[in-house]
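Thanks for coming. I will take one chain and go through it piece by piece.

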Amino acid sequence: MVDEEIYWQDVLDDIRSGRTGALKCPFCQLQTLAVSKRERVTQVACQNKSCRHFIEVGFGEQAEEDMLHDAKPIQVGGKP
């Protein structure tokens with residue numbers, strides 16, 4: 001899981017900085033990432049059917065404030 005987290009780091013940094021448009025998937029390099037938020041969990045998922053990599057991260061109890069700090073990966077995955 002740690003290896004895949006490294007690939008997502010630039011994307012997570014962009015999201016923390018408020019740049020959520022035109023995000024490229026770190027695996028297929030297409031601008032097919034969708035970002036969704038559910039309470040304190042943010043999911044970033046590639047919509048490319050041949051890729052489908054994703055990461056879910058928790059930004060802590062106070063999501064907006066904690067986005068300035070490191071995200072804690074909850075789940076990472078994708079097509080094998």
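Where does Gln29 lie? Gln29 sits in the loop between α1 and β1. Before I go further, please keep in mind that this is a predicted model.

Let me stay with Gln29 for a moment. Its relative accessibility is 47%, so Gln29 counts as partly exposed, since that class runs between the 20% limit for buried and the 50% limit for exposed. The side chain of Gln29 reaches the backbone oxygen of Pro26, at 3.1 Å. Gln29 can also be placed relative to Cys46: the two are 17 residues apart in sequence, and their C-alpha atoms are 9.8 Å apart in space.

Pro26 comes up again with Gln9. Gln9 is found in helix α1, and with 33% relative accessibility Gln9 counts as partly exposed. Along the chain, Gln9 and Pro26 are 17 residues apart, and 9.2 Å separates their C-alpha atoms.

Now the overall layout. The secondary structure comes to two helices and four strands, and reading along the sequence gives the pattern α-β-β-β-α-β. The chain has 80 residues, of which 36% are buried. Its accessible surface comes to about 5,200 Å², and carbon and sulfur atoms account for 47% of that. Of the contacts with a separation of 6 or more, 32% are between residues 24 or more positions apart.

Next, the aromatic side chains. A pair of aromatic rings is described by the distance of the centres and the angle of the planes. How many aromatic pairs does the count come to? The count comes to two. One of them is Tyr7 with Phe27, a tilted pair, with 5.2 Å from centre to centre and 45° between the planes. The 45° angle is called tilted because stacked requires under 30 degrees and edge-to-face over 60. Tyr7 lies in helix α1 and Phe27 in the loop between α1 and β1, so this pair ties together parts that are 20 residues apart in sequence. Tyr7 is partly exposed, at 48% relative accessible area. Phe27 is partly exposed too, with a value of 28%. Trp8 joins these residues: Tyr7, Trp8 and Phe27 form one aromatic cluster.

On to charges. Side chains of opposite charge can pair when their charged atoms come close. The count of salt bridges comes to two. In one, Arg16 meets Asp13, with the closest N and O atoms 2.4 Å apart. Both residues lie in helix α1, which covers residues 2–16, and they are three residues apart, about one turn of the helix. Is Arg16 buried or exposed? Arg16 is buried, with a relative accessible area of 14%. Its partner Asp13 is partly exposed, at 30%.

The other salt bridge joins the side chains of Arg19 and Asp14, at 2.9 Å from N to O. Arg19 is partly exposed, with a relative accessible area of 47%, and Asp14 is partly exposed with 24%.

That leaves the strands. β1 covers residues 33–38, and β2 covers residues 41–46. In which sense do β1 and β2 pair? They pair in the antiparallel sense, over six bridges. Within that pairing, Lys37 stands opposite Thr42 in β2. The two strands form a hairpin with two residues between them, and Glu39 in the turn has a positive phi of about 55°.

β2 also pairs with β3, again in the antiparallel sense, over five bridges. Gln43 has Glu56 in β3 as its bridge partner. β3 runs over residues 54–58 and is mostly covered, with five of its five residues buried. Which residues lie on each side of β3? Phe54, Glu56 and Gly58 are on one side, with Ile55 and Val57 on the other, and all of them are buried, which leaves both faces of β3 covered. Glu56 therefore counts as under 20% relative accessible area.

To go back over the main points: the count gives two salt bridges and two aromatic pairs. The Tyr7 and Phe27 pair links helix α1 to the loop between α1 and β1, and that loop also holds Gln29. β2 pairs with β1 and with β3, and β3 is covered on both faces. I will stop there.

Key. Residues numbered from 1 in each chain as written. Predicted model: local features only at pLDDT ≥ 70, side-chain atom pairs only at ≥ 80, totals over all residues. Heavy atoms only, no water. Salt bridge = Lys/Arg side-chain N within 4 Å of Asp/Glu carboxyl O. Buried < 20%, exposed > 50% of the residue type's maximum accessible area, 1.4 Å probe, protein only. Phe/Tyr/Trp six-rings, centres within 6.5 Å; stacked < 30°, edge-to-face > 60°. Pairing = 2+ DSSP bridges. Polar contact = N/O pair within 3.5 Å; in protein donor to acceptor, adjacent residues only side chain to side chain. Contact = heavy atoms within 4.5 Å. Areas by Shrake-Rupley, 256 points an atom, 1.4 Å probe, with all protein chains shown as cover.
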